[in-house]
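This report considers charged side-chain pairs, cysteines and strand pairing in one protein chain. The sequence and structure are shown first.

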Amino acid sequence: MKGTPYINLHIKKALYAAKLVRIIEVSVVNWVVPGETALAFYKAKNPTDKPIIGISTYNVIPFEAGQYFNKIQCFCFEEQRLNPQEEVDMPVFFYIDPEFVEDPKMAKVDLITLSYTFFEAKEGQKLPLPGYQ
């Protein structure tokens, strides 16, 4: 492959299933070189008068590119607590695996979209395991 391959990374504002926490800003990471680390921030605000504890899940589009997206450090690894009216920066430190450029299925992929969904944690809630009763 000639030259340095760049991938345009689109960081979307997170979706919040609880509709309690607002993402008010996302840092811009325009171009990522496979194999090099990058850092992005989501800025979140709890506009309510009560603390909110939640966890985030992420999504990478196109889905086939997800196997090459590696998070080193992410706010989604742990529950997040936002106090009333608190505003926080939530970091994502990541890289795109350099094998991305060797995969023929990724040859035409030059845009990857990263998004998150935040779910409010419910104390004592037990989730069923898929495939088990």
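A residue counts as buried when its relative accessible area is under 20%, as exposed when that area is over 50%, and as partly exposed in between. The model examined here is predicted.

**Cysteines**

With a relative accessible area of 10%, Cys76 falls under the 20% limit and is therefore buried. Cys74 is likewise counted as buried, its relative accessibility being 7%. How many disulfides are there? The count is zero, where a disulfide would require a pair of cysteine sulfur atoms within 2.5 Å.

**Salt bridges**

Side chains of opposite charge can pair when their charged atoms come close. Across the whole structure, the search returns three salt bridges. They are set out below with the closest N to O distances.

| Basic residue | Acidic residue | N to O distance |
|---|---|---|
| Lys43 | Glu87 | 3.9 Å |
| Lys43 | Asp89 | 3.3 Å |
| Lys50 | Glu120 | 3.7 Å |

Lys43 and Glu87 form a salt bridge; this pair links distant parts of the chain, with Lys43 in strand S5 (residues 37–45) and Glu87 in strand S9 (residues 87–96), 44 residues apart. Lys43 also forms a salt bridge with Asp89. Because Lys43 belongs to strand S5 and Asp89 to strand S9, this second pair ties together parts that are 46 residues apart in sequence. Lys43, Glu87 and Asp89 are thus joined in a network of salt bridges. Both acidic partners are partly exposed: Glu87 has a relative accessible area of 42%, and Asp89 has one of 46%.

The remaining entry in the table is the salt bridge between Lys50 and Glu120. Lys50 sits in the loop between S5 and strand S6 (52–61), while Glu120 is in strand S10 (residues 111–120), so the pair ties together parts that are 70 residues apart in sequence. Lys50 is partly exposed, at a relative accessible area of 40%.

**Strand pairing around S6**

Which strands pair with S6 in the antiparallel sense? One is strand S8 (residues 80–82), which is paired with S6 over three bridges. Within this pairing, Gly54 stands opposite Gln80 in S8. Another is S10, whose antiparallel pairing with S6 runs over eight bridges. Here Ile61 stands opposite Thr113 in S10. Strand S10 also contains Glu120, the residue whose salt-bridge partner, Lys50, lies in the loop between S5 and S6.

Terms used: Residues are numbered from 1 along each chain as its sequence is written. This is a predicted model: local features need pLDDT of at least 70, side-chain atom pairs count only at pLDDT 80 or more; totals for chains, interfaces and linings use all residues. Side-chain values use heavy atoms; hydrogens and water are left out. A salt bridge is a side-chain nitrogen of Lys or Arg within 4 Å of a carboxyl oxygen of Asp or Glu. Helices (H or I, at least four residues) and strands (E, at least two) are DSSP runs, numbered from the N terminus. Buried means under 20% relative accessible area, exposed over 50%, partly exposed in between (1.4 Å probe, protein chains only). Two strands pair if DSSP finds at least two bridges between them.
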